[in-house]
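Visitor: Could you take me on a close look at the ligand site and then show me what else is worth a glance around it?

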Amino acid sequence: MARGDALALLHLGARLPNDEDLVALAAAAARGRHENQPDVPPTGGLLPDPRTGWRGPLLAEFDLHGQPVTPRWRELTLQTTPDRRTIWADWKDEALETHLRISWTMDAGDVIRTRAQFIDTGPRAIDERGVVTTRCASLLLPLPRGFGHVTHFAGRWADDMRAERLPVTRAGLSWASRGGKSGFAGGDWLAFDDAETGAQLGFHIAATGDHEVRIERNDDGDAVLVAETPVGVEGRSIFDTPEALIVWAPDAATLTRAFHTHARARLARHPHNPPRERRVHFNTWEACTFDFDEARLMRLAEDAAMLGAERFVLDDGWFKGRSSDRAGLGDWVPDPVRFPNGLGPLIAHVKALGMDFGLWVEPEMVSPDSDLYRAHPDWCLHEPGLPRPTERNQLVLDFTRPEVGDHIQACIARLLRENDIAYLKWDHNRRLFPLPALGTHSGRLDMMWYQLRADFPDTMIESCSSGGGRIDMGLLGRIERFWPSDNNDAIERIRIMREWSRFMPLEVLGSHVGPSPNPITGRRLAMDFRAKVAVFGHMGVEADPARMTDKERESLAAHIALYKQWRSVLHAGDLHHLAHPDPNVTGMMVTHEDKALALVAQTAFSPVFDAAPVRLAGLDPQARYRVTLPEPWPPRARHYLGDPDAWRAGLVLSGAALMTHGLALPLTHPETAWIIALETIA
Ligand code: GLA
């Protein structure tokens, strides 16, 4: 609501009646003056004015000729689109000839997309710098009172998305992601909660690179959330921030559905993005890392097809000189030793087996031991004359140089033109240093993705960054799949999937059956458990079938068949996380039209013989459902099942009974997972 030149946030919560008197609401929210405060209350709101005695954070800061300057933002105008879902607030400073805009759009899922734009409008000579912004936030949000706690997601490689709930104290909170990617430990995904009402406020900054998010609380009790990306040391005379998303929901389940609706709308509205069934992947990485030749890959493809895989993804190691992670990045041509006739024969074999073909690339990087580096040693981020620090033995290409991005884009386009490639796993395994190339890097990358998707609409792209290091809503459309973690250990993965799926729908989250023992944790896990966990995502296999027993292959094939049978539900429905008194039992469930599928998994040894019944969620209390436990059943736990025949025949129960009484399932031993299938009875 505009008050003079100030813009106040009156209400962020449940929908109010259309005829609510906003002036009365503003009066009801107005505060009087206390001791030790300015006589006229400072202007806060969405664009706080420091001249009025506001001591909190500012939306943006500015310099003129190297000196800080505080524009006087005047002439506030508000415009809306005819559907009133977008509102623009514009201010000018006539004397400084500058313009600031904040826009809010109520988008799919009732998710609000917001951003700020700054333009120095003065008619200046090319070499004359006027006002520049030195920082400009996507969002400055006065937090509605009551949101006294926030859940954030810290992590590291192979331990992505550890949720932690913190009080919003007077000391404030802050997060930063540095190094050119959004994860593992930034503040890009937050869920505030109101402990009294259960209401949630979700927040996301859709920035592919660095960001800073902080919450400041003042002595009056008000808290402000600020989210921004770096502007660059020089400042910018034109700056358009990335989008921040905010969404209010009455509870956590509704918050998740709002994010999922939003993510699905973004996927669907992208021009180069036909809706696609999520095909079962077979990925070579944990099956053979760098240890393969064409013959082994052909055998792997045959075994993968026997299991029911629909896409064969050749991971790292296929390109020139790449026999380890010490060489080859930058040379995006098939290794002549491993593939004397190029990728053609392998792709033909894969296609003859009824699968399509996917390929791993890491185009933003270069190995010092590569033809590209030898030809263009100055194409990486570096400081002349100084050592070039590596990470994972690799350097980052300098996308501030147009010829570098053009060359890489041409290499990938050639690869896609010359080979029948349905999918690219686009990896990014090191931070950007020793020089920052932040906005330019992600900007160039985005253009590249956009162009590649336009030119090759049948090739979908996955974003991987040593696992979930680069996942954001802004990518959806150009990117159709994310790799949530390098950790395929199902006990770890089920937690990671649960956390990512608070924000992203299952169909964009890769979920693979890895080998046992797991190469990262060393843990051995039964195939039944690994496979059931992988069903709840975009399923894949990343283990060598030749190293599995017959029973394991049989179990895996049965779960792949189950996934195919249920993916239209899993990838279109509403996700519910199931609560259980045992913290080691994780449950999730997807309801869609007249069907639902649930997964419950015990990851530790239960202190009691009989676990509490699993209560389902999201059902119609009045409807009747046929409930079955699709086989194969977990090998040990099946012996503790009360009445196996009744489960095979199916139990008919009301939604009310399923959600209040629940189902008594054997969930005592670690590595026990059950899948529960429900169908409405007409
Ligand atoms: C990264 C990815 C893995 C795999 C390897 C290959 O670590 O996250 O999934 O592709 O690179 O080097």
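Guide: Here is a walk through the ligand site, followed by a helix, the cysteines and the domains.

A quick word on the ground rules: this is a predicted model, where local features need pLDDT of at least 70, side-chain atom pairs count only at pLDDT 80 or more, and totals for chains, interfaces and linings use all residues. Residues are numbered from 1 along each chain as its sequence is written, and side-chain values use heavy atoms, with hydrogens and water left out.

Start with the shell. The ligand has 13 residues around it, and those that come nearest are Asp 315, Asp 316, Arg 392, Lys 425 and Asp 486 (near means that a heavy atom of the residue lies within 4 Å of the molecule). By type, the shell splits into 6 charged, 4 nonpolar and 3 polar residues. In that scheme Asp, Glu, Lys and Arg are charged, Ala, Val, Leu, Ile, Met, Phe, Trp, Tyr, Cys and Pro are nonpolar, and the others, Gly among them, are polar.

Now for the atoms. Asp 315 puts a polar side-chain atom 2.7 Å from a ligand oxygen, and Asp 427 has one at 3.1 Å from an oxygen atom of the ligand. Gly 467 joins in through its backbone, with a polar atom 3.4 Å from a ligand oxygen. As for cover, the ligand taken alone exposes 300 Å², and the protein buries 96% of that (accessible areas by the Shrake-Rupley method with a 1.4 Å probe).

Next, helix α9, residues 490-500, is mostly covered, with 10 of its 11 residues buried (buried is under 20% relative accessible area, with a 1.4 Å probe and protein chains only; helices are DSSP runs of H or I, at least four residues, numbered from the N terminus). Among the buried ones are Ile 491, Arg 493, Glu 499 and Trp 500. Asp 489 caps the N-terminal end of α9, with a side-chain oxygen 2.8 Å from the backbone nitrogen of Ile 491.

What about the cysteines? The whole structure has 0 disulfides (a pair of cysteine sulfur atoms within 2.5 Å). Cys 288 can't bond because its closest cysteine sulfur, in Cys 464, is 16 Å away; Cys 288 is buried at 5% relative accessibility. Likewise, the sulfur of Cys 411 is too far for a bond, 16 Å from the closest one, in Cys 380, and Cys 411 is buried at 6%.

Zooming out, the chain divides into domain 1 (58-250), domain 2 (281-495 + 517-523 + 541-546) and domain 3 (576-680), with bounds from an automatic or database domain assignment. The C-alpha centres of domain 1 and domain 3 are 42 Å apart.

How values were computed: A polar contact is a pair of N or O atoms within 3.5 Å; within protein, one must be able to donate a hydrogen and the other to accept it, and residues adjacent in sequence count only if both atoms are side-chain atoms. Buried means under 20% relative accessible area, exposed over 50%, partly exposed in between (1.4 Å probe, protein chains only). Helices (H or I, at least four residues) and strands (E, at least two) are DSSP runs, numbered from the N terminus.
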